[in-house]
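Subject: Structure handover and findings

Hello,

Here is the structure for your files. My notes follow below it.

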Amino acid sequence: MPAKKAKTSQEPAPFDVSKYMVSNSTEEHEITVGDDKFTVTVKDLSWSKKNQLVAKAMAFGGDSSGLSFDADFYVKECLKAMIVKAPWGETNDVFLISINDDLGKALE
């Protein structure tokens, strides 16, 4: 009677969906602009939220304009959704349209 061969490979681990879920946790990031350093608290955006913002930033033209993407709108909406706490208070449209390139690039 032939002997059974021993299994040499392990069974794959069961699928763990929790590894792929966006958590409600936040992270602090230190931002440097020139000589200034400050901390902002941010949260992750879900895949669905990012897709919603992309869809809102896209425009389909009926005539010869075709498809356009409003990158300014997209970045502002992402920052408003992601920044939970910052030294300037609420991250809103009024704040974002009033900042200069240095701070804007640092936040991107």
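Which residues make a nonpolar surface patch of about 510 Å²? The patch is made by Phe15, Val17, Tyr20 and Met21. Patch members need over 30% relative accessible area and no salt bridge; nonpolar side chains (Val, Leu, Ile, Met, Phe, Trp, Tyr) are joined within 5 Å, like charges within 9 Å. Val17 sits in the segment before S1. Val17 is partly exposed because its relative accessibility is 47% (buried means under 20% relative accessible area, exposed over 50%, partly exposed in between; 1.4 Å probe, protein chains only).

Ground rules first. This is a predicted model, with residues numbered from 1 along each chain as its sequence is written. Local features need pLDDT of at least 70, side-chain atom pairs count only at pLDDT 80 or more, totals for chains, interfaces and linings use all residues, and side-chain values use heavy atoms, with hydrogens and water left out.

Overall picture

The chain has four helices and five strands (DSSP runs numbered from the N terminus: helices H or I, at least four residues; strands E, at least two). Their pattern along the sequence is β-β-α-β-β-α-β-α-α. The chain has 108 residues, and 19% of them count as buried. Its accessible surface is about 8,900 Å², by the Shrake-Rupley method with a 1.4 Å probe; for residues, only the protein chains shown count as cover. Carbon and sulfur atoms hold 53% of that surface. Among contacts (heavy atoms within 4.5 Å) with a separation of 6 or more, 39% come from residues 24 or more positions apart.

The sheet

Three strands form an open, antiparallel sheet in the order S1-S2-S5 (strands pair if DSSP finds at least two bridges between them). S1 (26-33) and S5 (83-85) are the edge strands; each has a single partner, so one side of each lacks a neighbour in the sheet. The twist averages 50° from one strand to the next (axes are lines fitted to C-alpha atoms, for helices over the stretch in contact; angles run from 0 to 180 degrees between N-to-C directions).

S1 and S2 (residues 36-43) are joined by eight bridges. Thr26 stands opposite Lys43 in S2. Val33 has Asp36 as its bridge partner. The hairpin of S1 and S2 has two residues between the strands, and Gly34 takes a positive phi near 60° there. S2 and S5 pair over two bridges. One of the partners is Ile83 in S5, matched with Val42. Helix H2 (residues 71-82) lies across S2 and S5, at about 35° to S5.

Salt bridges

How many salt bridges does the structure hold? There are three (a side-chain nitrogen of Lys or Arg within 4 Å of a carboxyl oxygen of Asp or Glu).

- Asp72 and Lys76: the closest N and O atoms are 3.2 Å apart. Both residues lie in H2, four residues apart, about one turn of the helix. Asp72 is partly exposed at 48% relative accessible area, whereas Lys76 is buried at 18%.
- Glu77 and Lys80: the closest N and O atoms are 2.7 Å apart. Both lie in H2, three residues apart.
- Lys80 and Asp93: the N to O distance is 3.1 Å. This pair links distant parts of the chain, Lys80 in H2 and Asp93 in H3 (residues 93-98), 13 residues apart.

Lys80 is partly exposed at 23% relative accessible area. Asp93 is partly exposed at 36%. Glu77, Lys80 and Asp93 are linked in a network of salt bridges.

Best regards
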